[in-house]
Amino acid sequence: MAPLLGLLAQFLALCAALSTRLQLWGDESYSLVVAARPLEGILSADPFHLPTYYLALHPIVAWFPPGLEVPLRLLHALIFAIGLVFAWRIARSLLGPGRALWGVMALTILLPNVLFYATNIRMYAPLFAASLAFLWTAFRLLEPGGAKGSALVWHGLAALLCGLIDWPGLLWVLLTWTALLVLKASALWARRPRGGGWLVVLVGLSLAALLAGLARETILRLLL
């Protein structure tokens, strides 16, 4: 755990340095303008994103005077760091602790775009953290001999959070549930995991992405 905490400290230090050097980005300004509106104005402000993020940002914007976007960026970086903890736990389950740490380090320190989006005053950081929490709870459900009841509750809460934050979160939930269903069907059919099952998973994910995309377009047309 100590190496992970050191890595997170480096990540947050880089985010702090980046936050003080960037001017307010156009989409960040849009987030602040929408979040400062009355509640009824927030609900109808952005037809392409759910209002949940702006509603959550609404009381926070009142705490920070205009022009002080750095604290807000650091808050988003902290939320993103929570997602990195879940990413590390998932990678540790798949690769072992040593390789998992290297993978998270490559994600957080070696990719500048990750630092940029982690500090951005948009829904990216909350969606990242919720998505990784959702994926981690899915791994818990697949563990043999685990506490299925509590894992299922946390999985449902993480799925609800993903779906409420924005449309990509709902897409991620549908993709993951499709993969789980395909894996379960493949296991029942073959009685044990086989390499060919991954082909079935990929086909299932493609179909889920297509259906989710069609559903999103339909919902947007109804809203517009």
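**Figure 1. The whole chain is built from eleven helices and zero strands.** Read from the N terminus, the elements go α-α-α-α-α-α-α-α-α-α-α. Helices (H or I, at least four residues) and strands (E, at least two) are DSSP runs, numbered from the N terminus. This is a predicted model, where local features need pLDDT of at least 70 and side-chain atom pairs count only at pLDDT 80 or more, while totals for chains, interfaces and linings use all residues. Residues are numbered from 1 along each chain as its sequence is written, and side-chain values use heavy atoms, with hydrogens and water left out. Of the 224 residues, 36% count as buried. Buried means under 20% relative accessible area, exposed over 50%, and partly exposed in between (1.4 Å probe, protein chains only). The accessible surface adds up to about 12900 Å², and 74% of that belongs to carbon and sulfur atoms. Such areas come from the Shrake-Rupley method with a 1.4 Å probe; for residues, only the protein chains shown count as cover. Now take the contacts (heavy atoms within 4.5 Å): among those between residues at least 6 apart in sequence, 70% join residues at least 24 apart.

**Figure 2. Here is the largest nonpolar core, a group of 21 residues.** A nonpolar core is a set of buried Ala, Val, Leu, Ile, Met, Phe, Trp, Tyr and Cys residues joined through side-chain atoms within 4.5 Å. Look for Tyr53, Tyr54, Leu57, Leu72, Ile121 and Phe134, since these touch the most other members. Helices α2 (26–35), α4 (52–61), α8 (124–142) and α9 (148–165) each chip in at least two residues. The top contributor is α4, with five. There is also a second, separate core of 18 residues, which includes Leu4, Ala77, Phe80 and Ala81.

**Figure 3. Zooming in on α4, we find Tyr53, Tyr54, Leu57, Ile60 and Val61 buried.** These five sit on the same side of α4, because they cover an arc of only 115° around the axis. The arc is that of the directions from the helix axis to the C-beta atoms. Which residues does Tyr53 contact, leaving aside its neighbours within four places in sequence? They are Ser31, His76, Ile121, Arg122, Met123, Pro126 and Ile165.

**Figure 4. Arg73 and Glu28 form a salt bridge.** A salt bridge is a side-chain nitrogen of Lys or Arg within 4 Å of a carboxyl oxygen of Asp or Glu, and by this rule the count comes to one. The closest N and O atoms of the pair are 2.7 Å apart. Arg73 belongs to helix α5 (residues 69–95) and Glu28 to helix α2, so the pair ties together parts that are 45 residues apart in sequence. Both Arg73 and Glu28 are buried.

**Figure 5. Gln23 and Ser19 both touch Arg73.** Gln23 is in the loop between α1 (2–21) and α2. Is Gln23 buried or exposed? Gln23 counts as exposed, because its relative accessibility is 71%. Skipping residues up to four places away in sequence, Gln23 touches Glu28 as well as Arg73. Gln23 and Glu69 are 46 residues apart in sequence, and their C-alpha atoms are 9.1 Å apart in space. Ser19, in helix α1, is buried, with a relative accessible area of 1%. With the same skip of residues up to four places away, Ser19 touches Val70, Arg73, Leu74 and Thr119.

**Figure 6. Asn120 is a loop residue, found between α7 (112–119) and α8.** Asn120 counts as buried, because its relative accessibility is 1%. Not counting residues up to four places away in sequence, Asn120 touches Trp25, Glu28 and His76. Asn120 and Leu75 are 45 residues apart in sequence and 9.8 Å apart in space, C-alpha to C-alpha.

**Figure 7. Leu39, Leu43 and Leu55 make a nonpolar surface patch of about 270 Å².** Patches are made of residues with over 30% relative accessible area and no salt bridge; like charges are joined within 9 Å, and nonpolar side chains (Val, Leu, Ile, Met, Phe, Trp, Tyr) within 5 Å. Leu39 is in helix α3 (residues 39–43). Leu39 is partly exposed, with a relative accessible area of 48%.
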